[in-house]
Amino acid sequence: ITAGKYAGRKAVIVKNFDNGNGKRNYGHAVVAGVDRFPRKITRSMTKKQVSRRSRVKPFVKTVNYNHVLPTRYSLDLALDKAQTIPKDPAEKRRVTGFVKNA
C-alpha cells in the first residue's frame, strides 16, 4: 500500500473490483494486511512481555488501485469471510479477527 494510514504496510488482495461498483466508481480492491508486526524478543524478557511483543495487528480495508503497488508474489489463503467490509464496527472487528487467525 503506497498511500494513507497504512502506507508502507504489506497486504494481500482479497477481492478486486476492476470496473468499480456502487459508491466506488473506480477500480479498487479489498485488502487484508499487517498493521503491526511482531517485535524482537530476547531471553531476558518475561512471559508477559513476550506475549505482548508477539501480537500481530491486522487490518482489512478497501483501497484504490492507484494506492497499491503490486508484486509478482501470490498467496493461497482462505479469506472468504473478509470479501466484504461491514459498516458495523463490531462486525468489522469480527472480520479483522478472522483475518488474524487465517
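**Notes on the predicted chain**

1. The chain carries 2 helices and 3 strands, where helices (H or I, at least four residues) and strands (E, at least two) are DSSP runs numbered from the N terminus. Along the sequence they follow β-β-α-β-α.

2. A word on the model: it is predicted, so local features need pLDDT of at least 70 and side-chain atom pairs count only at pLDDT 80 or more, while totals for chains, interfaces and linings use all residues. Residues are numbered from 1 along each chain as its sequence is written, and side-chain values use heavy atoms, with hydrogens and water left out.

3. The C-alpha atoms fill a box of roughly 55 × 30 × 25 Å along the principal axes. Of the 102 residues, 21% are buried, meaning under 20% relative accessible area with a 1.4 Å probe, protein chains only.

4. You may like the largest nonpolar core: 8 residues, namely V14, F17, V30, A32, V60, L79, V95 and V99. Such a core is a set of buried Ala, Val, Leu, Ile, Met, Phe, Trp, Tyr and Cys residues joined through side-chain atoms within 4.5 Å. Two or more of its residues come from each of β1 (11-17), β2 (28-36) and α2 (89-101). Apart from this core lies another, of 6 residues, including Y6, A29, F59 and V63.

5. F17 also deserves a look: leaving out residues up to four places away in sequence, F17 touches Y26, G27, H28, V30 and Y65. Contact here means heavy atoms within 4.5 Å. Among contacts in the chain with a separation of 6 or more, 53% join residues 24 or more positions apart.

Definitions and conventions
Buried < 20%, exposed > 50% of the residue type's maximum accessible area, 1.4 Å probe, protein only.
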